[in-house]
Each structure stands twice: as structure tokens, then as C-alpha cells.
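Here is a chain to read closely. Each question below asks what earns a term its place.

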Amino acid sequence: MPGRIAALLVEPGARVEANQPVLILEAMKMEHLLTAPRSGTVKEFKFKLGSQVAEGAELVTFETRSPPDAGS
């Protein structure tokens, strides 16, 4: 949904767990807490704090952690 980046809750390069809050998007007079889809590392935020974003915009990129090698 279109809105404004109200808060960035982690720094780029931070390791996050699945469902950990990473940013707050203010839209439709409400704050929406966006969480990590899975465990990994936040590579970068695509927008700065206070930026207006369009509907469907990619807000953050993640690098997924590789699962432990089951054969080791």
C-alpha cells in the first residue's frame, strides 16, 4: 500500500529472525509493522526514513541464511 516510512527498526547488515519487526509504514492514518519474512540479514532498505513509497514498492532486501548442512 502507498505510505510513508515512519521508522527503520534495524540497521542494514543486521541479522534478524523470522517475524522480527524491521520497519514501520504509515498508511491510511495507521502504522503498519512490517516484519522479516524469514531469518536472515537485512541487506538494504530501498527508501530512507520519511520517504513516500508507492503501492507494491520493494522496501527492503534480505539475504537468507543457509540452512545447516544436514550431512555434517
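A polar contact is a pair of N or O atoms within 3.5 Å, and within protein one atom must be able to donate a hydrogen and the other to accept it. Keep that cut-off in mind; the model is predicted.

Q: What makes the link between the side chain of Ser 51 and the backbone oxygen of Lys 48 a polar contact?
A: The side chain of Ser 51 reaches that oxygen at 2.8 Å. The cut-off is 3.5 Å, so the pair counts as a polar contact.

Q: Where is Ser 51 found?
A: Ser 51 sits in the loop between E5 and strand E6 (52-53).

Q: Which residues does Ser 51 contact, leaving aside its neighbours within four places in sequence?
A: They are Gly 3, Arg 4 and Ile 5. Contact needs heavy atoms within 4.5 Å.

Q: What does Ile 5 contact, with neighbours within four places in sequence left aside?
A: Its contacts include Leu 23, Leu 25, Ser 51, Val 53 and Leu 59.

Q: Why is the set that holds Ile 5 called a nonpolar core?
A: The set has 12 residues, among them Ile 5, Val 22, Ala 36, Phe 45 and Leu 59. A nonpolar core takes buried residues of such kinds, joined through side-chain atoms within 4.5 Å, so the name fits. This is the largest nonpolar core. Strand E3 (21-27) and strand E5 (40-45) each give two or more residues to this core. The largest share, 3 residues, comes from E3.

Q: How many helices and strands does the chain have?
A: The chain has 0 helices and 7 strands.

Q: What makes E2 and E5 a pair?
A: Two strands pair if there are at least two bridges between them. E2 and E5 have 2 bridges, in the antiparallel sense, so they pair. Arg 15 stands opposite Thr 41 in E5.

Q: How do you know that strand E1 (residues 3-8) and E6 pair?
A: They share 2 antiparallel bridges, and at least two are needed, so they pair. In E6, the bridge partner of Gly 3 is Val 53.

Q: What makes strand E2 (15-16) and strand E7 (60-64) edge strands?
A: Each pairs on one side only. Their open sheet runs E2-E5-E7, with antiparallel pairing.

Q: Why do strand E4 (30-35) and E6 count as edges?
A: The open sheet of 4 strands has the order E4-E3-E1-E6. E4 and E6 each have a single partner strand, so one side of each is left without a neighbour in the sheet.

Definitions and conventions:
Residues are numbered from 1 along each chain as its sequence is written. This is a predicted model: local features need pLDDT of at least 70, side-chain atom pairs count only at pLDDT 80 or more; totals for chains, interfaces and linings use all residues. Side-chain values use heavy atoms; hydrogens and water are left out. Buried means under 20% relative accessible area, exposed over 50%, partly exposed in between (1.4 Å probe, protein chains only).
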